[in-house]
Amino acid sequence: MAISLFDMLKIGIGPSSSHTVGPMQAACRFVGGLKEAGRLTDVARVDIQLYGSLGATGKGHGTGPAVLLGFEGHRPDTIDPSILRPRMDEITAQGELCLHGEHAIAFDEKADLTYHRKESLPYHPNGMTFSAFDADGETVRQRTYYSVGGGFVVDENAAGADRIVEDKTSLPYPFKSGAELLSQCKTHGLSIAGLMMANEQVWRSEAEVREGILHIWQVMQECVQNGITNEGILPGGLKVKRRAAKLYASLMEMDRQDLISPSLSAMDWVNLYALAVNEENAAGGRMVTAPTNGAAGIIPAVLHYYWNWCPNASEDGIINFLLTAAAIGILFKENASISGAEVGCQGEVGSACAMAAAGLAAVTGGTPEQVENAAEIGMEHHLGLTCDPIGGLVQVPCIERNAVGAVKAINAAIMALRGDGSHFVSLDKVIRTMRDTGRDMLDKYKETSRGGLAVNVIEC
């Protein structure tokens with residue numbers, strides 16, 4: 001099993017990697033299979049069944065439109081986010097869906113798209129079944145897919161191993177645990193970023209890896225810029241006001257001395273960066289799943305902190321930051337989960353905090369041991385965090401939660417750098433605890449909007 005940085009950090013669209021990015025990819029894969037088999041023009045009708053968390057909160061997360069545009073051949077990394085809702089409205093109004101952009105069929109949203117709010121498929125909460133039928137009602141193709149967090153998608157053949165990525169590439173420095181990662185670094189005299197760069201080169205040249213990472217950084221910067229430019233009310237019905245633009249204008253009018261204190265002034269900006277990203281996510285904008293959309297503001301916020309506030313920041317530092325963060329993300333992906341529907345928000349915000357803390361510690365002089373310690377601190381203090389979005393929307397408490405997670409990541413890195421890398425609880429033990437806690441957590445606290453804040457806050 002091999003996971004790349006570019007698997008962990010994907011360019012996509014909001015508001016959810018598991019509910020929007022993953023389902024769009026699954027639908028695109030399904031219709032691509034019809035095309036490859038030469039059966040595309042045989043299709044007269046499609047049927048879409050969404051289960052578990054996709055059924056419970058899919059309407060608020062934009063799952064339906066994502067699936068339909070995936071059927072039309074769009075991909076989350078290339079689609080213009082602005083066409084998503086208008087095209088969905090056209091499909092509904094015209095009663096027509098254009099498979100793979102070339103074969104038009106009749107489509108009735110009420111009959112052909114079903115949200116199962118309380119029914120789940122066996123192997124993961126984010127399950128979906130797609131079926132295609134010919135004019136006689138015979139099945140042309142049927143597949144079940146699972147969106148397992150962070151935009152990762154597996155089909156029914158991988159059921160029961162839903163965290164496994166199918167790539168069997170042999171890596172020069174494989175690792176399955178934090179202990180193995182540190183051992184490889186020590187044995188070969190490598191930093192975590194250096195080890196990851198060597199592994200990435202089994203797929204791409206070093207120049208291509210660097211170019212790809214810097215493109216991810218560019219998309220993150222554009223997302224922040226869009227977030228501090230756009231104003232108004234977020235879609236979905238909660239009438240949540242966007243705050244980033246107003247906060248940005250306020251901060252630009254102040255000297256550092258005007259803020260809470262000179263030593264804390266950077267935190268106001270970190271809050272801004274995170275809010276900007278997650279408001280863009282909630283509005284369905286373009287962003288980077290890092291490692292998920294619900295937690296996508298943390299890594300960009302801490303990266304902006306590094307870029308704007310840390311001495312000697314450089315593009316090499318950006319590259320090393322994201323290589324290090326990806327290595328930590330891989331540990332969570334392989335040994336636990338980054339899916340809020342599976343383990344609660346500890347798997348999303350907690351993982352992102354650990355990744356960002358590790359990346360910052362690495363580029364500010366941390367040893368591999370200190371980097372591992374920073375990741376452990378970041379995750380340990382998110383254990384048990386529930387996923388209970390109000391109204392099934394990635395807005396409350398998700399947007400503010402990213403700002404808090406980003407600040408905690410910076411503090412985790414600071415604490416780790418003040419030590420020598422030795423600590424009482426290992427990252428591996430914290431990851432195992434997160435997975436066990438997720439298993440014990442009631443389903444109503446795992447992205448179903450049937451518990452916690454989702455039911456205790458009156459929607460107005």
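Helices are DSSP runs of H or I with at least four residues, numbered from the N terminus. In this predicted model, Asn281 lies in helix H11. The residue is buried, because its relative accessible area is 0% and the cut-off for burial is under 20%. The Asn281 side chain reaches the backbone oxygen of Pro15 at 2.8 Å. Beyond neighbours within four places in sequence, Asn281 is in contact with Gly14, Pro15 and Ser16. Met287, Asn293 and Val394 are also in contact with Asn281.

Helix H11 recurs in the surroundings of helix H12, as one of the helices against which the buried residues of H12 pack. The others are H9 (206-227), H13 (315-335), H15 (349-363) and H17 (398-417). H12 covers residues 298-309. Its twelve residues should span 16 Å at 1.5 Å a residue, and the end C-alpha atoms are 16 Å apart, so expectation and model agree. H12 is mostly covered, with nine of its twelve residues buried. These are Ile298, Ile299, Pro300, Ala301, Val302, Leu303, His304, Tyr305 and Tyr306.

Strands S3 (residues 96-99) and S4 run antiparallel and are joined by four bridges. Glu96 stands opposite Ala106 in S4. The two strands form a hairpin, with three residues between them. In the turn, His100 has a positive phi of about 55 degrees.

In a regular strand, side chains alternate between the two faces of the sheet. S4 (residues 103-106) shows such alternation. His103 and Ile105 point to one face and are buried. Ala104 and Ala106 point to the other face and are not buried.

Technical notes: Residues numbered from 1 in each chain as written. Predicted model: local features only at pLDDT ≥ 70, side-chain atom pairs only at ≥ 80, totals over all residues. Heavy atoms only, no water. Expected span 1.5 Å × (residues − 1). Buried < 20%, exposed > 50% of the residue type's maximum accessible area, 1.4 Å probe, protein only. Contact = heavy atoms within 4.5 Å. Pairing = 2+ DSSP bridges. Polar contact = N/O pair within 3.5 Å; in protein donor to acceptor, adjacent residues only side chain to side chain.
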